[in-house]
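User: Hey, can you walk me through a few spots in this model? I'm new to this, so plain words please.
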Amino acid sequence: MAGALEFCLADIGLLLPEDTDPKSKGVFRHEKRFYRLIFERGFVMHQVPALLRDVKRLPEYSLRWRTDASDEASVFLSLFMRFLRPDELGDFGCRMQRQRMVALFFRELERRDFVRMGELQLREPTEDGEPLPVNEFYERLRVGHEGEVLDGSIPEDVAHGSLRPTLRPYQVRAIRWMLDRETVPKVLPAQYARLGCLNVEGEEFYMNLDSFEVLAEVPGEIPIPPGGILADEMGMGKTVEMLGLMLLNRNRKRKFEEEVGPGVAVAVKELKCICIRSNVKDTITCQKCGQRQHKKCVLKNCEVEPSRYICPECWRSEALVESSTTIIVSPVSIKMQWASEIRKHIADSSFKIFIYEGVAESGWISPADLAKYDVVLTDYNVLQTEIYYTAVNSRTSRHGKRFLSPVSPLPLVRWWRVCLDEAQMVEGIHNQTTKMVKTLPAVHRWTVTGTPIEKSMDNLYGLVHFLDYSPYNDYQLWRQLNYQYQQGNPQPLLAVMSRIMWRTCKSAVLDQLGIPPQTEVLHKITMSTCRLFLPHEHAKCATAFREKAAYLGRNLSMARMTIQTLNLLMEPLRKLRQDCVIPSILHKSDQLTTKKLLTPNELREHLVLNNEMECKSALRTIVSSINGMAAVHVIRREYEQAAKLYKSALRWADDYQGTISVDSLLQIHALYNLIEVLEMNGFVGEEEAFRKQLRDYEERCAKLEWKYIETYSNIVKNVERELAPAAGKVFEISAKLDHKVDGNWWRDVIFSLDRNSARTAAFLLKLNIEVKNHSGMAEDIVGLRSMDYQLTTWLDEVKEQRNELVDAFDSIAYFRENLKPKHLWPAEVRGRIEALIRTAFLCHLDPELPDLPYDERQERPTCVLCKVKRTLNLYECMIFQKHFIEETNTTEGSWQMTVQEVIVRQIHACCRKERMEKATIEEGNLFLAYLEALKEEFKHYSKYWVEINYAAAAFDELNMCRSRLQVITMEDLDQAGGKKSIQQILDYEVHETFEDLQVQKVTAEREFVRLKGTLKYLQHLGSVAEIDVCPICQCQPEERYAVLQCGHHFCIVCAPQLVRIARSQGNNVTCGVCRHKQQIADLYFVTCDQILPAKQDINVRGNYSNKILKIVETVLKLKLDEPDVKIIIFSHWDPILFYLAQALDTNSVTYRLKSAKFYKHIEEFKDYTNGITCLLLPLKAGSKGLNLTEATHVFLVEPILNPGEELQAVGRVHRIGQTKPTFVHRFIVQNTIEETIHRTVQADRTGRWSSKDVTVEHLEQLFQLEEPEPIELFAE
């Protein structure tokens, strides 16, 4: 036999004595012996380790000793090679190792390589050297098939008697080509190289060019697998074509037949079923292993009880069941559609269908029963989990199982045909679904998809890999084909794919389809007035995108990005696109991924709230500037000017109260310093009046202080009230245990277990598993006594730490009981409170503390609050899975159970399982409740400390707010280490500081006026029930009108007159009513139909964005014209579909959303008797495979970046079977990124967006909006 032949290829080394110095030149070591390298031919010493590794990995090569008859004293380490047996043939993942071995020990005599020397040398470059557009690739493929001559055995008429539809000419051609692929064997020339070996004279060897295996004979021709890729454009009847193939080419061989007769008697064993039930009624015995199973578990899908039953586990050792069955794998959304289409198009009543939902869902069905059906339908979701029930992924256990593990029957049948619908699902060769479909034994393999190329030509590789189309399923070879294509030479790839791929485009056979025309309707939508006030959203998202683009590189293609990278890059774009449908706001984290969708009213309220906050900020800046200027006057001893400014600050506070008001701290600052300034300046006029004025100011200051502190005081009191019940719960449970929380109950359980060593071992085994699962760092528990000691120690520490915590909070009672203004503190605690606040500032409240050197921070005193916090943290580490960090006085970890609590709960579970005394179980219940009460109490204590700390910070703020600007000398600055506080300035900085404050005040005042005008405008939008007449012409505005900052408005006729006058006065508009002046740029416009109900036939109920309103209005108009109209609405995002569903619901429009009962909802939508108008589908899930010819309108809520996806969506209605004209509605918001996307994709003639050959730079250009046309009234 050829497998027994061996050849000595070369002598590698000469055996040396054992005492040889390993560092000697040319010496190497192999299996504990030393050798001198004697093999030359360009081989050097550092290559020896790689050679030894390669030989160890390759089964056909081996290293053995050899001696010569002429010199028996010399022992050589020689390399031997044998030919692999047929059952050993395979790559073994050692392609590179074999390549190296051939290069070292063989020489090439001749090469037959039709791929690299033939196909890859084909040249037909494109004119511009660019890759051939996808559409042209498809067209070249179709044209190539037109001249193809099929085998004479293929009939001209392929219309089967059981196939109801009349086949169109292009369908006839497709079915004939598919029949040819299945019934006429086709091969590729053999790929090999003829080799010679210097040490083996007279012998010739042959090398497989794909695997580099050395063979004894010329390898045979390479069969092209029977099957292929059916890639007709969507809506052209691929389902009918596949059904025609099934009917025309059935497997005529005998199906699996059960063996009849007594067979071999087996001993009946115990029950071992796929369920976990233990009853032995109504069972059946496996004829191979003797195990019994419940009939209702293993025969639920069996029509007749078999005479020879085999259990699921034993089926794995049986030969594959030969069948004539076609298994069709599709997305879950169209699986039931396949069943419907088969029943609709096949007239044969004996044609049987089985819907396989997976072994976990449907239960077991034997391979023999599956083989009795003509078609088995399943989906990719089922296969994704089914792989875990195959032999490759079966799990073994050290312990005997009491039940059978589920077994997938799918790999146990040799299917006549495997058909993957929407086959782009298996483009990734490493995902679980692809791995599972590859395990299905099949005679013919087919992939069906209307979009085989979604991103790039690499998408085809997954389909080639599934078909086992050798040698092109080698990715290295595929890369060469793809490289040629990308360099503008498509001919090699066309030659390869034309053998297995069939594609017909609608444009080529339009005259044969007979589909009514399709019309596009473009709805242009104006952005709402409020939406224009969302600040800088577009600029913010554009900046975020550019930052990511700069990191990735602008030349990176979308096709080369991972899903995660692409999602991160596209997030800013996605945010802007969603905002065009439903405006949103960012959460405080300011992350583009976290947002809240808003109705128009919510948007206006949000803008009003934001504007009020900005007004308050501007007002704060004004008053702060005034206070700072007053302080400069004090430094200059200009007390009267200082007093005037402080009084001015107070007038601002008097003028603005309510939502927009001056902060209490700013008012306290002004009052406190005003009193000081008045006292320094002395009284002017009557002393009594002066003293009364001071008392009034002091009283006002005291009220503000009390109001400021009262907020924190009330919060602390509320937390105290929440803490009391939690602490009471701890006391209550402790009282039920007679205040003896000592763990005696678990000792009763330990004593019970200790009497039985087997039970103890089982308990400790389970306990250690649970503990390790909870915390991998936990130590093993070796005995019950050590466990009892560990728990007792822990419990004592918990109780001790809790007592320390209570004492710690009691130690600051003097502070929390006196949360009131300083002048109301009792004399006996005043000093302690002041010391607490002072040390708290030095310890952790100082904002400059993080910037100080470590040594200086360590010198700061530790305050009482931090000591309480330390006690709190230590207690937290006792009851939660955390550990304490001494250096920072913080904890790390999680609020999960401690290991000790896990142990206690396992003991309690054992106690209940063993049915111990009721008193022990009840005490265990109380103990667990006690632990939960402690944890709940801790959370309240933690919140209590936080609020007390905030109160201390509030007192510190009060102290700080009284201080004003102070002048320091250079000597003072040197003593402070060159650092000055925010309240300190040098003498030469006084004048500059005053001027800066003046500028800051003027700027803030101007901004405050602008913001107030915007606020009035926004409030105007929400409050107008009827528009007032224009104060100039006394006419009521009908279309648009202008609103000034003061709130007055003018019609669109009179406003230009104001603007013309403004241009002559430095672009300052003067209100004709109140004489308020403002810039032209701050003139706002209102569209009347956005604040008042429009007079129209269609009344849309609800408060929604302009786009949602337009969509609902269009639906209502279509329903008015055609009551039975059916509309499919596509969107990229589920939240938008849910939001749209609410709007449809509000307007009494019936609809169906994608859900778990998706197929049922599809059927309800199709049925006219149900009166369902709209079907809302996410683009990814609903745009592929569905046949929805009952609908005549398709709504695209957003413009779609990938034209291929858009064609898929439109193809749900514009397809074979459609008898009515169809309409595609696009909804585009003007002057937004939607308009840019629509314009860019529609204008693309290169196919770049279809193939996703789009770079980061192309995406960045989408953020460039066209400037809107100028408003007429601003024109010269």
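**A few residues, one by one**

Analyst: Sure. Let's start with Asp807, which counts as partly exposed because its relative accessibility is 49%. Keep in mind that this is a predicted model.

User: Okay, and which helix is Asp807 found in?

Analyst: Asp807 sits in helix α25, which covers residues 784-810.

User: What kind of surface patch is Asp807 part of?

Analyst: A negative one: Asp807 forms the patch together with Asp796, Glu797, Glu800 and Glu804.

User: Cool. New topic: is Asn949 buried or exposed?

Analyst: Asn949 is buried, at a relative accessible area of 11%. Buried means under 20%, so Asn949 makes the cut.

User: And where is Asn949 placed?

Analyst: In helix α31, residues 918-961.

User: What is Asn949 in contact with, leaving aside neighbours within four places in sequence?

Analyst: With those left out, Asn949 is in contact with His844, Leu845 and Leu865.

User: Got it. Now His1161, which helix is that in?

Analyst: His1161 lies in helix α37, which takes in residues 1158-1166.

User: Buried or exposed for His1161?

Analyst: His1161 is buried, since its relative accessible area is 17% and the cut-off for buried is under 20%.

User: Which residues is His1161 in contact with, if we skip neighbours within four places in sequence?

Analyst: Skipping those, His1161 is in contact with Arg1152, Leu1153 and Ser1155.

User: Last one: what separates the C-alpha atoms of His1161 and Ile1172?

Analyst: Those two C-alpha atoms are 9.7 Å apart, and along the chain His1161 and Ile1172 are 11 residues apart.

How values were computed: Residues are numbered from 1 along each chain as its sequence is written. This is a predicted model: local features need pLDDT of at least 70, side-chain atom pairs count only at pLDDT 80 or more; totals for chains, interfaces and linings use all residues. Side-chain values use heavy atoms; hydrogens and water are left out. Patches are made of residues with over 30% relative accessible area and no salt bridge: like charges are joined within 9 Å, nonpolar side chains (Val, Leu, Ile, Met, Phe, Trp, Tyr) within 5 Å. Accessible areas come from the Shrake-Rupley method with a 1.4 Å probe; for residues, only the protein chains shown count as cover. A salt bridge is a side-chain nitrogen of Lys or Arg within 4 Å of a carboxyl oxygen of Asp or Glu. Lys and Arg count as positive and Asp and Glu as negative; His and the chain ends are not counted. The place of a charge is taken as NZ of Lys, CZ of Arg, CG of Asp or CD of Glu. Helices (H or I, at least four residues) and strands (E, at least two) are DSSP runs, numbered from the N terminus. Buried means under 20% relative accessible area, exposed over 50%, partly exposed in between (1.4 Å probe, protein chains only). Contact means heavy atoms within 4.5 Å.
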